[in-house]
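This report examines how selected helices and single residues are placed in one protein model. Please consult the sequence and the structure shown below while reading.

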Amino acid sequence: MVDYSSDEISSEESAELIAAVNAHVAEAHAGDGYIRFHPGVSYRHCMVLKDRGLGMRATPPHDILEKRIGAYMPSDGPDPGTDPGAAELVNRLMRDSYGYLSRHRVNLERERRGLRPANSLWLWGQGKRLSLPSYREKYGIGGAVISAVDLLKGIGISAGLQPISVEGATGVIDTNYEGKAMAAVGALKAGLDFVYVHVEAPDECGHRHEIENKVKSIEYIDSRLIATIFRELGSLGDDCRIMVLPDHPTPLSLRTHTNDAVPFAACTMGKPQANPGCAGYDEAQAAASGIYVPEGHKLMGMFLSGAGIFG
């Protein structure tokens, strides 16, 4: 696995490649049931394989960078009898794609420009359509989600949040930090109760072992996203509350996700109060604070209600 992103291929190029995938699948896999690909942002796309594939084992491509892929191809799960042939079908889709994608005009042109081609499908992350309670049902508020990652947008939509698109939002370090901040501020000033702003850049840099870019992306979140929100919402005072945290660690040393605790920081605008046990915002300072929420799914309710540590 040389590069799961094909040098951060553009959404326009990848949409053309996904169209070619759909055309090939319609012709070569007509007897394999409903299979349809939907283009997303950059290298992230979605395949719908109706009623199949949930039981197989599949590996995230960012977990096997610089490794030979043979040992990580999709395989049957612990009970293949529940979905016989699904892993074999997905393997065929992936192997077949190299033949026609490597010859596609988009990839030939990318190679001519010295860029890596998107010359193969890599399928993983299977699951069913989500069924979540809405924010309105669970917390009594409405809101929005801002992200360049379709997965996060989809989770937000499933929870009843309105997706807000921002021009220049890329999912990598060159994303439009100020644009995301201003879109969130505009939504709040227009009457929305809550906005979730997601930035993918530190995670991407962790997977790619880009040490300087990971540090820079965190600095950008601080100086260009959070600072803009603070400046623009300062006039709202204690009518507004903000919380900052990652959704999971992606250590540079491991280049993949871990389930360790993450640091969070929160305040009411106009009433920022520093925890006396903290001299900054990082994992070590958070651990030293003595504040710990062992069940992460309860954090949002505490934050929105002002209960517990937010009281």
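Is the crossing of H1 and H2 left-handed or right-handed? The model under discussion is a predicted one, and in this model the crossing of H1 and H2 is right-handed. Two packed helices are described by the angle between their axes and by the distance between those axes. For helix H1 (residues 11-28) and helix H2 (residues 86-101), the axes come within 11 Å and cross at roughly 115 degrees. From H1, the contact involves Leu-17, Ala-20, Val-21, His-24 and Val-25, while H2 contributes Leu-93, Asp-96, Tyr-100 and Leu-101. Sorted by class, this contact comprises 7 nonpolar, 1 polar and 1 charged residues.

**Two helices and their lengths**

The table sets out the spans of H2 and H8.

| Helix | Number of residues | Distance between end C-alpha atoms | Expected span |
|---|---|---|---|
| H2 | 16 residues | 22 Å | 22 Å |
| H8 | 23 residues | 32 Å | 33 Å |

For H2, the distance between the end C-alpha atoms agrees with the span expected at 1.5 Å a residue. Helix H8 (residues 211-233) likewise has a reach close to its expected value. H8 nevertheless bends by about 30 degrees at Ala-227.

**Buried residues of H2 and H8**

Among the buried residues of H2 are Ala-86, Leu-89, Leu-93, Tyr-100 and Leu-101. The buried residues of H2 pack against H1, strand S1 (35-38), strand S2 (46-49) and H3.

In H8, the buried residues are Lys-214, Ser-217, Ile-221, Leu-225, Ile-226, Thr-228, Ile-229 and Leu-233. An α-helix has 3.6 residues a turn, so residues three or four places apart point the same way. The partners against which the buried residues of H8 pack are helix H6 (177-189), strand S5 (194-197), helix H7 (201-207) and strand S6 (241-244).

**Two single residues**

His-104 lies in the loop between H2 and helix H3 (105-112). Why does His-104 count as buried? Its relative accessibility is 15%, and buried means under 20%. When neighbours within four places in sequence are left aside, His-104 is in contact with Glu-16, Leu-17 and Ala-20. Leu-17 and Ala-20 also belong to the contact of H1 with H2.

Cys-267 is located in strand S7 (residues 265-268). Cys-267 counts as buried because its relative accessibility is 15%. Along the chain, Cys-267 and Trp-124 are 143 residues apart, and their C-alpha atoms are separated by 38 Å.

Note on methods: Residues numbered from 1 in each chain as written. Predicted model: local features only at pLDDT ≥ 70, side-chain atom pairs only at ≥ 80, totals over all residues. Heavy atoms only, no water. Axes fitted to C-alpha atoms, helices over the stretch in contact; angles between N-to-C directions. Helix = DSSP H or I, 4+ residues; strand = E, 2+ residues; numbered from the N terminus. Left-handed = near helix turned anticlockwise from the far one by under 90°. Contact = heavy atoms within 4.5 Å. Nonpolar A, V, L, I, M, F, W, Y, C, P; charged D, E, K, R; others polar. Expected span 1.5 Å × (residues − 1). Bend = angle between axes of the 7 residues up to and from the residue. Buried < 20%, exposed > 50% of the residue type's maximum accessible area, 1.4 Å probe, protein only.
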